[in-house]
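The questions below ask how a few side-chain and backbone features earn the names they are given, and each reply sets a value against its cut-off.

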Amino acid sequence: MSTRTRIAFLKGQGTENDFVIVPDPENTIDLPPATVAALCDRRAGIGGDGLLHVVRSAAHPEARHLAAEAEWFMDYRNGDGSIAEMCGNGVRVFARYLQRAGHVTEGDIAVATRGGVKAVHIAKDGDVTVGMGRALLPEGDVTVSVGERSWPARNVNMGNPHAVAFVDDLSHAGDLLSPPPFSPAAAYPDGVNVEFVIDRGPGHVAMRVHERGSGETRSCGTGACAVAVATARRDGADPAATGTPATYTVDVPGGTLVITERPDGEIEMTGPAVIVAEGEIDSVWLETATGA
């Protein structure tokens with residue numbers, strides 16, 4: 001990253017998934033992994049679960065082919081600096097930034113990601129809805145365990161793997177610091193996100209999640225979608241068969257998401273997106289933090 005010019009940033013969060021936002025419409029800012037990790041460091045940097053690099057699709061080599069469909073590209077980075085395809089909570093915050101900056105208004109917009117173009121709707125009440133794609137439901141029994149307890153789990157793939165277990169009390173999930181054991185091992189050769197779910201009422205559940213590689217997080221967008229699909233099937237609801245959408249309110253530790261599975265299989269996630277601060281990155285600190 002060049003430190004010769006002032007670099008603007010914002011901080012945003014969606015159900016307490018938080019992000020450093022770096023506006024860079026013409027893709028002139030270099031963001032190597034070490035720089036991203038320094039910015040996302042919660043003690044030494046700004047702090048965030050990830051970084052949203054805001055670039056015009058036409059200005060980014062990975063998104064130029066999508067420029068006719070979506071003007072803006074979410075160049076998303078994980079907190080450790082690695083590149084990721086998509087982040088559902090991140091897309092909502094990305095859209096909120098575009099609205100705040102005057103690039104878009106409420107209504108329907110398209111956002112390019114490495115996972116394809118995502119349909120986004122900014123509602124008048126402030127909530128943001130994101131099209132999350134379809135769920136796959138691999139066959140086979142899966143079991144997850146915490147301590148002496150174990151539960152059958154539903155295998156749901158939202159582009160990433162999930163095991164959804166219905167429990168009597170969310171405290172049964174333990175501290176979620178280490179990955180809950182699962183079997184058979186062949187079900188998830190690359191590890192799995194594990195959701196523990198309780199019922200709160202008709203069409204209303206609450207969850208805790210161990211995210212693969214991260215431990216327990218305050219919110220997981222794909223996890224909430226997986227939970228809604230698993231709950232719908234448990235309740236005997238399959239929108240593809242009935243022609244009727246299935247909607248669930250999913251409480252996560254950081255807030256509430258509303259998930260709708262449509263008859264065509266598409267899943268929509270609705271939730272809040274908030275910009276909490278904006279400022280400038282100190283160039284001297286950045287040079288020191290990244291060894292630039």
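**Reading the labels**

In this predicted model, Gly291, just after helix H5, takes a positive phi of about 70 degrees.

Q: What makes the approach of Asp282 to Val284 at the start of helix H5 a polar contact?
A: A side-chain oxygen of Asp282 reaches to within 3.1 Å of the backbone nitrogen of Val284, and because the cut-off for such a pair of N or O atoms is 3.5 Å, the pair counts as a polar contact.

Q: Why is the pair of Trp151 and Phe196 called edge-to-face?
A: A search of the whole structure finds three aromatic pairs. In the pair of Trp151 and Phe196 the centres lie 5.6 Å apart with 75 degrees between the planes; centres within 6.5 Å make a pair and planes over 60 degrees apart make it edge-to-face, so both conditions are met. The pair links distant parts of the chain, with Trp151 in strand E9 and Phe196 in strand E12, 45 residues apart.

Q: Why are Trp151 and Phe196 called buried?
A: Trp151 has a relative accessibility of 10% and Phe196 a relative accessible area of 0%; because buried means under 20%, the word applies to Trp151 and to Phe196.

Q: Why is Phe182 called partly exposed, and why is Tyr188 called buried?
A: The relative accessibility of Phe182 is 26%, which lies between the limits of 20% and 50% and therefore counts as partly exposed, whereas Tyr188, at 4%, counts as buried.

Terms used. Residues numbered from 1 in each chain as written. Predicted model: local features only at pLDDT ≥ 70, side-chain atom pairs only at ≥ 80, totals over all residues. Heavy atoms only, no water. Phe/Tyr/Trp six-rings, centres within 6.5 Å; stacked < 30°, edge-to-face > 60°. Helix = DSSP H or I, 4+ residues; strand = E, 2+ residues; numbered from the N terminus. Buried < 20%, exposed > 50% of the residue type's maximum accessible area, 1.4 Å probe, protein only. Polar contact = N/O pair within 3.5 Å; in protein donor to acceptor, adjacent residues only side chain to side chain.
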